[in-house]
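Here are my notes from going through this one, in no strict order. Have a look at the model first, then read on.

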Amino acid sequence: MRVARFVRIRRPWRNWDITALRRNLGVYVHIPFCPAICSYCDFLKFGPRRPKGLDEASYESSLLREIEARGAWLKEMLKGTGRRVDSIFIGGGTPTMLPAEDLSKLGRALVDCFPTAGGAIEFSCEANPDTLDPEKLQALHEAGVNRISIGVQSCNDRLLKFMGRTHRWEQTEPILQMVSEGPIRNFSFDLIYGLPNQNVGTLLDSGRRLLEFRPPHFSAYWLVPEPHTAYTRWARRYPTQIPSDREVLYQQHAVECLLRGYGHYRYEVNNYAKPGYESMHNIRYWQGGDYIGLGLGSASRIGSEVVSNPKSHIAWNNALGEIGSENDPLHRAMQERGAAESAPSADSFLQLRNRLGHELVGLQVNPKWISDGLMEVHDGRLEVRSRGLNLSEQYALELESASESPV
Ligand code: SF4
């Protein structure tokens, strides 16, 4: 049996390059196809039943058109500004529903068309265990992907079935083995807790099985019923089956302790990593950096302006012809803000979700947050300690009302 070692980690978030996160941009690409619809999912996705005229081939061809047009537009906008794209994230849906050859084409187009200025990029792709194989993993690696995130969610077949996931542990284990021995050295697994009939024992059993593969990054999500999902309808029918907040917080604490033993620290509400393996693309999102969204329904943020692509594939296709024109909301947002400007900081709720926290400037900090050990002040920032992360929403509300109250 492998014995977990407790590792002392010295505030790795102070090494994050916040200047680059705000100066440079990220690109997000949405692939909305899934083998089946999970009971709890409220993302924009399509299972086997899709709107008429929407299939993988037509979607990819529109996406490649958008990549070329948006990439050329961004190159032009950023010319001479010293800004560049330094993170790309292909998410979904299930990106690995696409064949290896198409994943390769997509990855290469992203790297070629967007202004990376030949510098280092963090290039992530999401995958599900039953749609990944050696050929796709190799294709992603060769296209430049250097971070892969696998939606395992649980190692317990009963819970996987309850969630409507299409994979089972027997087929997942060899895939995780392949990933752990594969060419993409930054890999992450997702785990869900707070499920009905899940207890600390079953949760830790899943966590331990996954950690045997030594992922340098790990995401653990509390399953909260979202409106209009099958899980929410089920939860309304059987409310006593839903674990209490107290039980779920206990599960969350158990996962954090387990991960600590493997050298991971909690750097965001739902994310844990070994120092140096944090997702910079996501940190940019929480810290207010700019990003460009591609694909159906994808959101982009330029400063405080958030604009989204249409959710209908027909409207999205029509909008592709407008990229870079005055009818393009992203173009207008970039012109209004000024393409050379670094992004401002995000709103308090997002900033307080991660350990780097909030700039102190203009903040009325409640001294109790510090004295209770939930936060600490360092180098002009209000940093969030691990046990303070769950309260980000509460702090943000307090900060908001403090800044609104008359002095
Ligand atoms: S695989 Fe992910 S995106 Fe697809 S239905 Fe399940 S949770 Fe939603």
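Is Asn 309 buried or exposed? That is where I'd start, bearing in mind that this is a predicted model.

1. Asn 309 is buried, because 22 C-beta neighbours fall inside 10 Å and the cut-off for that class is 20 or more. As for its place in the fold, Asn 309 sits in the loop that runs from strand 11 (305-308) to helix 11 (313-320).

2. Who keeps Asn 309 company? Leaving aside residues up to four places away in sequence, its contacts are Gly 293, Gly 295, Leu 296, Gly 297, Ser 298, Trp 316 and Ala 319. Leu 330 is also worth a glance: 21 residues separate Asn 309 from Leu 330 in sequence, and their C-alpha atoms are 9.6 Å apart.

3. Now the ligand. Around it you'll find Cys 34, Ile 37, Cys 38, Cys 41, Phe 43, Lys 45, Gly 92, Gly 93, Thr 94, Asn 128 and Gly 151. By type, that shell splits into 5 nonpolar, 5 polar and 1 charged.

4. Please check the backbone at Gly 92 and Gly 93, both part of the ligand shell. The peptide bond joining them is cis, with omega at about 25°. Gly 93 belongs to the loop between strand 2 (85-92) and helix 3 (100-113). Most peptide bonds are trans, so a cis one deserves a second look.

5. Two phi values caught my eye as well. Most residues other than glycine have a negative phi. Ala 117 has a positive one, near 55°, and lies in the loop between helix 3 and strand 3 (122-127). Its 14 C-beta neighbours inside 10 Å make Ala 117 partly exposed.

6. The other is His 228, where phi is positive too, near 60°. His 228 is in the loop between strand 6 (217-222) and helix 8 (230-237). It counts as exposed because 7 C-beta neighbours lie inside 10 Å.

7. Last, the domains. The protein is divided into domain 1 (12-286) and domain 2 (348-404), with 27 Å between their centres, taken over C-alpha atoms. Contact between them involves 9 residues of domain 1 and 10 of domain 2. On the domain 1 side, strand 7 (265-268) and helix 10 (280-287) are the elements giving two or more residues. Strand 7 has the largest share there, with 3 residues. That side of domain 1 comprises 7 nonpolar residues, no polar ones and 2 charged.

How values were computed
Residues numbered from 1 in each chain as written. Predicted model: local features only at pLDDT ≥ 70, side-chain atom pairs only at ≥ 80, totals over all residues. Near = placed C-beta within 6 Å. Nonpolar A, V, L, I, M, F, W, Y, C, P; charged D, E, K, R; others polar. Helix = DSSP H or I, 4+ residues; strand = E, 2+ residues; numbered from the N terminus. Buried ≥ 20, exposed ≤ 12 C-beta atoms within 10 Å, placed from the backbone. Contact = placed C-beta atoms within 7 Å. Domains from an automatic or database assignment.
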